Amino acid sequence: QVQLVESGGGLVQAGGSLRLSCAASGIDFSFTDMAWYRQVPGKERDLVAQISRRAITNYADSVKGRFTIARDTAKSTVSLQMISLKPEDSAVYYCSAYSFSTWPPRRYWGQGTQVTVSS
């Protein structure tokens, strides 16, 4: 059973920092690409940051220079360090795992965690 457990969401003032964490279980972490998405009510779920099995990273233009994604293979976790937060960063943030252990590759989602940035 695949499980993605998120933590770190909450309320923060504009300009502040927040660190999200996602613990993965039930998958071979070494064969899994990880990502963070976010979604605002009424809008599509958008990619925020991703990190591949080889630790190659990619970021949405809106968060480049402010967010950092990292993975800890030993702990099977992925984090999202967010600094200089803006009100427009407010959203439900979802941890996502794309597993290459199955065919076809399969995507899994966490339950989502709310991030609210006040002005």
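This is a short tour of one sheet and the disulfide attached to it, in a predicted model.

**Stop 1: the sheet.** Start by selecting β1, β3, β8 and β7, in that order. They make up an open sheet of four strands, and the pairing is antiparallel. Now look at the two ends: β1 (3-7) and β7 (67-72) are the edge strands, and each has a single partner, so one side of each has no neighbour in the sheet. If you're curious about the twist, neighbouring strands here are turned by 15° against each other on average, ignoring direction.

**Stop 2: the β3/β8 pair.** Next, zoom in on residues 18-25, which are β3, and residues 77-82, which are β8. These strands run antiparallel, and six bridges join them. For a handy landmark, pick S21: opposite it, in β8, you'll find S79.

**Stop 3: the disulfide.** Stay on β3 and show the side chain of C22, then add C95. How far apart are the sulfur atoms of C22 and C95? They sit 2.1 Å apart, and the two residues form a disulfide. The structure holds one disulfide, and it links distant parts of the chain: C22 is in β3, C95 is in β9 (residues 91-99), and the two are 73 residues apart.

Put a dihedral on the S-S bond while you're there. The torsion for C22 and C95 comes out at about -80°, so this disulfide is left-handed.

**Stop 4: accessibility.** Finally, turn on a surface and ask: are the two cysteines, C22 and C95, buried or exposed? C22 is buried, at a relative accessible area of 0%. C95 counts as buried too, with 0% relative accessibility.

Notes
Residues numbered from 1 in each chain as written. Predicted model: local features only at pLDDT ≥ 70, side-chain atom pairs only at ≥ 80, totals over all residues. Heavy atoms only, no water. Pairing = 2+ DSSP bridges. Axes fitted to C-alpha atoms, helices over the stretch in contact; angles between N-to-C directions. Disulfide = S-S within 2.5 Å. Buried < 20%, exposed > 50% of the residue type's maximum accessible area, 1.4 Å probe, protein only.
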